[in-house]
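The following exercises are to be worked with the sequence and the model in view. Each task is followed by a solution in steps.

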Amino acid sequence: MNTKDFDFHLPDELIAQTPLEKRDSSKLLIIDKEKQSMTDSHFDHIIDELNEGDALVMNNTRVLPARLYGEKPDTHGHVELLLLKNLHADQWEVLAKPAKRLKVGSQVSFGDGRLMATIVEELEHGGRIVEFSYKGIFLEVLESLGEMPLPPYIHEKLENRERYQTVYAKENGSAAAPTAGLHFTQELLEKIEAKGVKLVYLTLHVGLGTFRPVSVENLDEHEMHSEFYTLSQEAADTLNQVKEKGGRIIAVGTTSIRTLETIGQKYQGKLQAESGWTNIFIKPGYQFKVVDAFSTNFHLPKSTLVMLVSAFAGREFTLDAYKHAVEEHYRFFSFGDAMFVK
């Protein structure tokens with residue numbers, strides 16, 4: 001298949017710039033692949049799509065304030081770093097702007113020297129490996145100096161940085177939010193649990209590669225970025241029990257899907273406690289091993305995320321759903337509305 005097969009027209013005005021005041025007041029498009037039906041609803045009604053004995057699986061990663069603005073001490077030239085991946089100790093893979101000025105050995109100062117970065121290695125496409133030096137605890141320094149790495153299509157300033165975190169965000173490490181989870185409130189989760197649905201958490205630290213449009217024409221030539229995931233023994237046991245008793249595994253977001261399917265592929269649809277790196281690319285033709293239904297936001301044209309939804313629901317039906325969402329003025333991307341796919 002070709003990348004252009006997953007293109008669609010999206011008016012700029014439908015790209016949500018700010019979150020709604022109430023997380024669960026967004027729209028929800030329910031699409032049923034068996035019935036080939038679409039139903040317009042609101043997100044707080046997602047509870048009606050969940051049954052007693054099901055499991056709702058959420059990614060509890062927490063977004064780092066990973067965008068840093070500093071300067072080169074020798075030239076006072078402005079530099080921007082975006083933290084992508086903690087390699088080990090104080091070494092990070094970053095995206096740098098302007099990268100051409102940052103050669104091996106170059107230094108960048110942040111917060112009048114409270115944080116220093118030394119370029120260790122040059123990578124492709126503006127990537128660099130840097131070593132940080134600082135006093136104190138790195139995450140505390142980052143909290144005080146860094147900014148939330150909002151996607152480039154969001155131009156409004158985020159007044160409350162917690163609105164780019166899920167209410168269950170716990171494990172620091174993401175360069176972007178698992179945005180399907182932004183719609184849940186603590187109250188809604190309590191109602192879902194009271195209905196007899198198991199709430200299960202895993203961790204996948206989201207990298208920016210997940211959200212980028214595919215640059216090659218032939219999908220077989222596209223390489224996914226690797227992202228780190230963890231599934232605990234308790235979570236694996238709960239999900240296996242749900243399956244054995246006939247319940248459904250319902251994933252919140254494509255990151256949860258990718259984690260579950262990465263592990264499920266290895267163990268014939270069963271889940272085991274595991275940590276590692278995944279670059280799984282789920283596209284049409286993929287046979288799902290674990291996930292029975294999922295919620296997700298509306299994604300970029302020609303992105304791997306649209307391809308993942310198409311793998312589950314079918315390409316034509318998925319694009320029909322996107323066309324409906326455009327016609328009905330659903331809000332798109334990170335702060336936008338959601339779809340429930342079953």
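**Exercise 1.** Which residues does Phe110 touch, not counting residues up to four places away in sequence?

*Solution.* The model is a predicted one. Begin by locating the residue: Phe110 belongs to strand E8. Next, list its partners: Phe110 touches Leu68, Tyr69, Gly70, Leu81, Leu115, Ala117, Phe132 and Leu145, with residues up to four places away in sequence not counted. Then consider its accessibility. Phe110 has a relative accessible area of 1%, and is therefore buried, the cut-off being under 20%. Finally, take a distance across the model: Phe110 and Lys33 are 77 residues apart along the chain, and their C-alpha atoms are separated by 50 Å.

**Exercise 2.** Determine where Ile31 lies and what surrounds this residue.

*Solution.* Ile31 is placed in strand E1, residues 27–32. With a relative accessible area of 0%, Ile31 is buried. Apart from neighbours within four places in sequence, Ile31 is in contact with Ser37, Met38, Ala313, Phe317, Ala321, Met339, Phe340, Val341 and Lys342. One of these contacts deserves a closer look: Ile31 and Met339 are 308 residues apart in sequence, yet 7.2 Å apart in space from C-alpha to C-alpha.

Met38 also appears in the surroundings of His324. Leaving aside neighbours within four places in sequence, His324 is in contact with Leu29, Met38 and Asp40. His324 lies in helix H6, residues 315–327. Its relative accessibility is 18%, so His324 counts as buried, since the limit is under 20%.

**Exercise 3.** How many residues of H5 are buried, and what do they pack against?

*Solution.* Ten of the ten residues of H5 are buried. They run through Thr304, Leu305, Val306, Met307, Leu308, Val309, Ser310, Ala311, Phe312 and Ala313. These buried residues pack against E1, H4, strand E16 (293–297), H6 and strand E17 (338–341). Just after H5, Gly314 takes a positive phi of about 95 degrees.

The helix can now be placed in a wider setting. The largest nonpolar core has 91 residues, and those with the most contacts inside it are Phe132, Leu260 and Phe332. Helix H5 (residues 304–313) gives the largest share of this core, seven residues. A second, separate core has 20 residues, including Phe43, Leu50, Phe184 and Val197.

For Phe332, the contacts beyond four places in sequence are Phe8, Leu10, Leu14, Ile15, Ala16, Phe298, His299, Tyr322, Ala325 and Val326.

**Exercise 4.** Describe helix H3 by its span, its buried residues and its cover.

*Solution.* Helix H3 covers residues 233–244, twelve residues in number, and reaches 16 Å from its first C-alpha to its last, close to the 16 Å expected at 1.5 Å a residue. Its buried residues are Ala235, Ala236, Thr238, Leu239, Asn240 and Val242. In an α-helix there are 3.6 residues a turn, so residues three or four places apart point the same way. The cover over the buried residues of H3 includes strand E3 (55–59), strand E12 (198–204), E13, strand E14 (249–252) and helix H4 (254–266). Just after H3, Gly246 takes a positive phi of about 90 degrees.

**Exercise 5.** Which residues lie nearest the centre of the largest pocket?

*Solution.* The lining of the largest pocket consists of 28 residues, of which Leu84, Lys85, Glu93, Gly207 and Ser226 lie nearest its centre. The space in this pocket is about 650 Å³. At least two lining residues come from each of strand E6 (78–88), strand E7 (91–97), helix H1 (138–145), strand E11 (171–174) and strand E13 (227–231). By character, the lining divides into twelve nonpolar, eleven polar and five charged residues.

**Exercise 6.** Examine the backbone at Pro98, Lys302 and Phe333.

*Solution.* Most residues other than glycine have a negative phi, and most peptide bonds are trans. Lys97 and Pro98 are joined by a cis peptide bond with omega about -15 degrees, and Pro98 is found in the loop between E7 and strand E8 (107–110). Lys302 is not a glycine, but has a positive phi of about 60 degrees. The place of Lys302 is in the loop between E16 and H5, and its relative accessible area of 30% makes Lys302 partly exposed. Phe333, also not a glycine, has a positive phi of about 75 degrees. Phe333 lies in the loop between H6 and E17 and, at 4% relative accessibility, counts as buried.

Note on methods
Residues numbered from 1 in each chain as written. Predicted model: local features only at pLDDT ≥ 70, side-chain atom pairs only at ≥ 80, totals over all residues. Heavy atoms only, no water. Helix = DSSP H or I, 4+ residues; strand = E, 2+ residues; numbered from the N terminus. Buried < 20%, exposed > 50% of the residue type's maximum accessible area, 1.4 Å probe, protein only. Contact = heavy atoms within 4.5 Å. Core = buried A, V, L, I, M, F, W, Y, C linked by side-chain atoms within 4.5 Å. 1 Å grid on protein atoms, 1.4 Å probe; cavity = no way out; pocket = protein on both sides within 12 Å on 5 of 7 lines; lining within 4 Å. Points joined across faces, edges and corners; volume = space filled by probe spheres on them. Nonpolar A, V, L, I, M, F, W, Y, C, P; charged D, E, K, R; others polar. Expected span 1.5 Å × (residues − 1).
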